Amino acid sequence: MVTLYQNKVIDQLRHVLGKKEHMVSITIRMEQIDPLAFFSAGETLFYGQRFYWSDCLHERTFVGLGRAQVIKSNEKTKKRFRDVEREWKQIVEGAFIEGQGPLMFGGFAFDPLKQSDEHWIEFPSAQFVVPTFLLTKQRDEIWLTVNVVHESLNQIEEMIDSLFHTRDESDSHRAHIVKKEEVARDQWLRSVHYATDLIRNDAIEKVVLARKLFLSFSERIDRSHVLRSLREQQPMSYIFAFENGSTCFIGASPEQLVRKNGHMCETACLAGSIRRGHTVKEDEELGRWLLQDDKNRREHAFVVDMIKQAMNEVCTEVVIPNEPTLLKMRHIQHLYTPVQAKVKEGVSIFSLVERLHPTPALGGFPKEKAVQTIREIEPLDRGWYAAPIGWVDANGNGEFAVAIRSALLEDNKAHLFAGCGIVAHSDPHNEYEETNVKFKPMLSALGGDGDE
């Protein structure tokens, strides 16, 4: 059966490669295959050039292997969003498309003005890739898209043969943690103290401060295994992985930034959180406390007000419930308010991302002052943590999540990130404990004490 798919792709490519388009994109329908097995099968040929994405409703899963096109921007301003959008339009307009068409996946840095550290060197201000091979699972249907720019037909044929004859052996071994280090813990606690002073003096209303946990393992971390663990343990989250050379940014985020489909878009307000209970009764009590707690409700209100304002500027028919509900994940529960709207003519998904990032849930309020404060007092470079990550198709539709509950993997090392919102009455040690809860999803997926 693989040979049949292979022949269909090669025949279609042979038919159109004589045309003068910059890129040829061919899509064929396939029988069922586990997207994670496809990701794992691509390790030999495409290690360092893979991505994985699955939305929180399990409606779409994408796996990309190889790089037919790469869009990068080192622009330090909001122009980076427009740079990516412009280049993507050029690629799509010049391509020959047969089938669903190409899709690009990538993300942005949280704050390109923050002094970058060596761990994020492979992740610029903005980067998106159009994969050579894209596996799409949409509900019960599987599609394979091949995007060709320079490869010969022989190369493509050999690659397909390798991909569909490689066994998934991602569970054959598992690295274990040999070192665990809280990075700049005391400095982070001092930063929380300083931030509360700023807020009490009316210099700012809220700021989100993140910290880092460093892990070292006995051997190279199996990225497929981590993805499998995240998929099993965090079924209500966006599961993502983006490889750049020897590094991989990976996570399971509960937070949608924006989704656009035609003229309709949706986003979500997610701010205010507490751990899950050990019993049903305790869990319900914690949830009720969260719904009534003044600090968390004010944090949530910041996000709702900002998103409402941003959406009203570029959308019509903005629908926002009056009260939040609870979104319960495996280790943590959040205050949650969904938002739906109709996009005005000419408003792209990139303009929505630009307008929404960062929400007060990840930056603070007012936005510019909060980001400036983070830049000055937060003891780490966030890189792509807490920033937009997602996909866009040839029709301008797409979806972005906020890249939280995440880690940067480097061979046998992992850098985990977690943050919390600081307001006037925040207690540094309580906020510290909140970050420990937020480390748990990645820590558990990596084989640590995420369930303790």
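## The two sides of helix 11

Two residues of helix 11, Glu368 and Glu376, are exposed. They sit on the other side of the helix from its buried residues. This is read from a predicted model.

Helix 11 runs through residues 367-377. Its buried residues are Lys367, Ala370, Val371, Thr373, Ile374 and Ile377. These cover an arc of only 160° around the axis, so they lie on the same side of helix 11. Several elements help to cover them. Among these are three helices: helix 6 (185-200), helix 9 (294-314) and helix 10 (349-356). Strand 11 (206-217) and strand 19 (364-365) are also part of the cover.

## Asp111 meets helix 11

Asp111 belongs to the loop between strand 6 (103-108) and strand 7. Is Asp111 buried or exposed? Its relative accessible area is 11%, so Asp111 is buried; the cut-off for buried is under 20%.

Asp111 touches Val371 and Arg375, leaving aside residues up to four places away in sequence. Val371 is one of the buried residues of helix 11. With Arg375 there is also a polar contact: the two side chains are joined at 2.7 Å.

## Thr132, in the next loop

The strand that follows the loop of Asp111 is strand 7. Strand 7 spans 126-130, and strand 8 spans 133-138. Thr132 lies in the loop between these two strands.

Thr132 has a relative accessibility of 2%, and therefore counts as buried. Which backbone atom does the side chain of Thr132 reach? It reaches the backbone nitrogen of Arg67, at 3.3 Å.

## Helix 10 and its cover

Helix 10 is mostly covered. Six of its eight residues are buried. They are Ile349, Phe350, Leu352, Val353, Glu354 and Leu356.

Two helices that pack with helix 10 are described below. Two packed helices are described by the angle between their axes and the distance between the axes.

## Helix 4 against helix 10

Helix 4 covers residues 79-94. How do helix 4 and helix 10 pack? Their angle is about 165°, and their axes are 9 Å apart. An angle over 145 degrees counts as roughly antiparallel. Helix 4 and helix 10 are therefore roughly antiparallel to each other. The crossing is right-handed.

From helix 4, the residues that meet helix 10 are Phe81, Arg82, Val84 and Glu85. On the helix 10 side, they meet Phe350, Val353 and Glu354. Each of these three helix 10 residues is listed among the buried ones.

## Helix 9 against helix 10

Helix 9 packs with helix 10 at an angle of about 145°. Here the axes are 10 Å apart. This crossing, too, is right-handed.

Which residues meet in this pair? Helix 9 brings Met306, Ile307, Ala310, Met311, Glu313 and Val314. Helix 10 brings Leu352, Arg355 and Leu356. Of these, Leu352 and Leu356 are listed as buried.

## Cys315 and its contacts

Cys315 lies in strand 16, which covers residues 315-319. With a relative accessible area of 4%, Cys315 is buried.

Which residues does Cys315 touch, not counting those up to four places away in sequence? One is Leu352, which also takes part in the contact between helix 9 and helix 10. The others are Cys265, Ala341, Lys342, Val343 and Lys344.

Cys315 and Val347 are 32 residues apart along the chain. In space, their C-alpha atoms are separated by 8.5 Å.

Key. Residues numbered from 1 in each chain as written. Predicted model: local features only at pLDDT ≥ 70, side-chain atom pairs only at ≥ 80, totals over all residues. Heavy atoms only, no water. Helix = DSSP H or I, 4+ residues; strand = E, 2+ residues; numbered from the N terminus. Buried < 20%, exposed > 50% of the residue type's maximum accessible area, 1.4 Å probe, protein only. Polar contact = N/O pair within 3.5 Å; in protein donor to acceptor, adjacent residues only side chain to side chain. Contact = heavy atoms within 4.5 Å. Arc of directions from axis to C-beta. Axes fitted to C-alpha atoms, helices over the stretch in contact; angles between N-to-C directions. Parallel < 35°, antiparallel > 145°, perpendicular 65-115°, else oblique. Left-handed = near helix turned anticlockwise from the far one by under 90°.
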